[in-house]
Amino acid sequence: MGFDHLLADRTRAMDVNVIREILKVVSQPGMVSLAGGIPAPESFPLEILRELTSIVIDKYASKAFQYDSTEGFGPLREILVDYLQSKGIKSNKEEILVASGSQGVLDAIGKVLISKGDKVAVEAPTYLGALQAFTPYEPEYIRLDTDDDGLVPRSLEKVLDGGGIKFIYLVPTFQNPTGRTIPLERRRKIAAIIKKYGSLLIEDDPYGSLRYRGTEIPPIRSLAPDNVVYISTFSKVFAPGLRIGFCVAPELIRKWLVIVKQGTDLHSSTFNQALAAEYISGGFLARHLPNIINLYRPKQEAMLFALDKYFPDNFKWSRPEGGMFIWAEGPAGLDMEKLYHKSVQKNVAFVPGKYFYSSRGEGIETMRLNFTMTDEETIARAVKIISEVIKREM
Ligand SMILES: Cc1ncc(COP(=O)(O)O)c(C=O)c1O
């Protein structure tokens, strides 16, 4: 019996996450995947987790396993104030909401803010998971231009000038999918523009701590606190399976995010939040983060080196100072999806870039490459194989 007719209109608006579909194909044995976007399992601090588990049980006992407040576990929210301060963001405990991953915040944002037909401005390209979180609420996506330095401020101003934008969604640092980072001068311009128009910006920052070179750049939230919901996560610096993300948001928005979260899951895992609290307050994060960076830096360098060595001259690619992705663009007219299928036949996978655009027909010649899950030698071999597929096609 088919139950299709029972699906809500909202459900019909949803799409399967294409990347998850691609990942199913590429999990076949022998496949080298530059397609994923997940942290390396070696980056998880298993020994620290063992120690933290004892600390949490000794310190919080049954409290760590009880229902807790929707806003988040008190000790975690307290230590997050210091953590955010270290990134240049002033906050107090009351402004912080813990969620089930940053994805949990994105879903709640969609629920709280988007009515059917509302205009939501997103970078072209943008994080697919955000589109997936927002699309069920049926927004109209408004495209923001980007270049090698991320969002182009002039494009933002033009879009806001047109009026009616509910909010802007940005990943300003080591963006997924491009790896691009918006430089400080541009952040200042963006902050001034959103202040001028009284706009709301959702700043999603899961990768900011994964910096392999260069100097840290302050979040846009630090430049326009009243206009920005800042979202971050422990997924890339601790363990994604714990599902701990958080946001600091203007009062009214935060209040509604809490009400929505009550209806979604009451609160995020108390035990996992307690682990996260002790991970920061015990200095474990500060000690472990350099290990993660030292694990990823050579992988990223190996990929950039291989791209320089093997990729054709008419390609260009991003050179991020951190994060998990490199974005490559071929000449106009090149069908990257076709190359993806050919490359998979040679046991190497990547993600065709067109999936990261809110409008169809864009980014046909682009690709996203991930380097966190593969060793340096294999990265070099995989990039060589992709380049051979490209050269044959061209
Ligand atoms: C830009 C961005 N935002 C949010 C997320 C979701 O992360 P999590 O829900 O694990 O915190 C990801 C995950 O890859 C991401 O790349």
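This passage walks through an open sheet and a helix that lies across part of it. The model is predicted, so local features need pLDDT of at least 70 and side-chain atom pairs pLDDT 80 or more, while totals for chains, interfaces and linings use all residues. Residues are numbered from 1 along each chain as its sequence is written, and side-chain values use heavy atoms, without hydrogens and water.

Seven strands make up the open sheet, in the order β2-β10-β9-β8-β7-β3-β4, with mixed pairing. Strands here are DSSP runs of E with at least two residues, helices are runs of H or I with at least four, and both are numbered from the N terminus; two strands pair if DSSP finds at least two bridges between them. β2 (96-99) and β4 (140-144) stand at the edges with a single partner strand each, so one side of each has no neighbour in the sheet.

Strand β10 (residues 245-248) runs antiparallel to β2, joined to β2 by four bridges, and Val98 has Phe246 as its bridge partner. Four bridges also join β10 to β9, again antiparallel, with Thr233 opposite Gly245. From β10, Gly245 and Cys247 point one way and Phe246 and Val248 the other, and all are buried (under 20% relative accessible area; exposed is over 50%, partly exposed in between, with a 1.4 Å probe and protein chains only).

Helix α9 (residues 251-265) lies across β2, β9 (228-233) and β10, where contact means heavy atoms within 4.5 Å. Ile259 belongs to this helix and is partly exposed, with a relative accessible area of 39%.

Conventions:
Axes fitted to C-alpha atoms, helices over the stretch in contact; angles between N-to-C directions.
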